[in-house]
Amino acid sequence: MIYLDHAATTQTDKEVLKAMKPYYDKYFGNPSSLYALGREAKKAIEDARQRVSDILHCEPEEIIFTAGGTESDNLAIFGVMEKFLTNSEKYHCITSNIEHPAVLYSYKKLEKFGFNITYIKVDQYGLINPKDILRALRPNTVLVSIMYANNEIGTIQKIIEIGRIIKNYRHIQRIDTLAKNSNYPVFHSDACQAAGYLDINTDDLGVDLMTLNGSKIYGPKQIGALFKKKNIQLAPLLCGGSQENGFRPGTENTASIVGFAKALELAEKNKAKESIRLKKLRDYFIMELLKIDNTILNGHPEKRLPNNVNVTFRYIEGESIMLKLDKEGIYVSTGSACHSQSLDPSHVILALGQNSEDAHGSMRFTMGKDTTKKNLDKTIRIVKKAVKELRAISAIDKE
Amino acid sequence: MSSKLKQPNQNTWLYTDIVKDHFFNPRNVQYDEPRDNKFNGKGTVGSPVCGDMMTMWIKVDEIDEKIKKCTWKTFGCASAIASTSILSEMVTKNGGMKITDAMKITPKDIIKELGGLPARKIHCSVLGDQALRAAIENYRKSA
């Protein structure tokens, strides 16, 4: 098979699996138990936390392990906003219109709670102009959430610049007693797709909260982390015990936490080399795909993740292409509505200014460590054939 | 650092085998613009904006009012393509269906013929019956 959907998930690395195994059958104790079996598990978690914090250049206490990227995003957003709930109409939050659903739908819920929301629009490449963030900031803005790199089109945002703008704004803005301390607006970034390819040093990035996910970096699924800067106030989503300093109650998933730390270490170790290798393959693949007429590149030509290729094949529908490739053992994903539960095509592709008709034909190919030039060449051949066949039966008049 | 991935079982499929067959081997496709008197009815429904659009051509025998030929073109997902393909067979088999009967075909009939469709596909992708009715109305107008 040729797996080109690494942004959806990745296979768990053998080394990761090996590191995890003892925590299922050998050191299975509850990390909160005070006897040796529990202490052993606790030690593994704290060791994992130390290693993750070393990579992120932060304190171990600033790492909260969660059950994945979606949970980390929700915890960041609702965790910050909870204390403003009773006076929601007084406060303002910012995000972009190409966020992952975990952020976007959390913001829709904030809107329902009465908060004022600004959705920053991206340009035709999916890029946010940091000046638009500056223009959107208000004295009552308490949260800004901007993703680091987009999961569909791979566009990389100017996170450092955005962080600096937000930090500078803290000195001039002031609202009321609730949000008086100098930590508002809080800056959150979803870095699920960035890990393994981009700098995730939280010191460099200037983020207050940052989401990470295990299953995109050859780690297990349903495990993630939220980096939370020490001075940021956060309310837990769940009510329960005092695990993860009370920010994430529930018995810890020791094996997955260990696996996540291992996966993140491997991702960091391979980052530089793998990024160079995949960038070359990415640019070659894009060049070959654009040789098919009426094909549009979605996202930025350079400011994009090394493993992401997203194109629109006009006049045809994405699910049909996907299934034709599936038959040949090639696995990709599409922004077509036919692939989702809604009737609308990808909100990200639409945000680039593409019309719905074309957005239905958008396809995402995301490469990974198993990707070779040989499999890309085969993919190109089969894509060309599928596009030709589907265009031949398409009812849309080609201009 | 490339590693080989194992091929999973390819025999699992999102749709029924009938849908799969019609998607991969569509019947009665109208590849080129037909010559003037080859057909006497044409209907187009749907919109590319919604992700599904189809055109159907029919040749109705003016004496017995049966559909002798039915061809089509579809922009859409696998179930849209398969449902149009199977409909073109339904109306032309056994010497052709009478247009009065063809007018009565519902999406339910087409889905039954396909052996079922996933629930969320039913409303958006089965437009063939509407395209057929539009083609029959077009025939009646010009006849």
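This passage describes the confidence of a predicted model, one helix of chain A and the contact between chains A and B. Residues are numbered from 1 along each chain as its sequence is written, and chains are lettered from A and ligands numbered from 1 in the order in which they are written. In this predicted model, local features need pLDDT of at least 70 and side-chain atom pairs count only at pLDDT 80 or more, whereas totals for chains, interfaces and linings use all residues.

The model scores ipTM 0.92 and pTM 0.94. The mean pLDDT of chain B is 91, with 97% of its residues at 70 or above (pLDDT is the predictor's confidence in each residue, from 0 to 100). Among the elements of chain B (DSSP runs numbered from the N terminus, helices being H or I of at least four residues and strands E of at least two), the highest mean pLDDT, 97, belongs to helix H3 (residues 99-102) and the lowest, 75, to helix H5 (residues 119-125).

Helix H4 (residues 69-81) of chain A is largely enclosed by the rest of the structure, because 12 of its 13 residues are buried (20 or more other C-beta atoms, placed from the backbone, within 10 Å of a residue's own). Among the buried residues are Gly69(A), Leu75(A) and Met81(A). The cover includes helix H5 (101-112) and strand S2 (63-66) of chain A.

The contact (C-beta atoms, placed from the backbone, within 7 Å) takes 31 residues from chain A and 30 residues from chain B. Elements giving two or more residues to the chain B side include helix H2 (78-90) and H5 of chain B.

Terms used:
Expected span 1.5 Å × (residues − 1). Contact = placed C-beta atoms within 7 Å.
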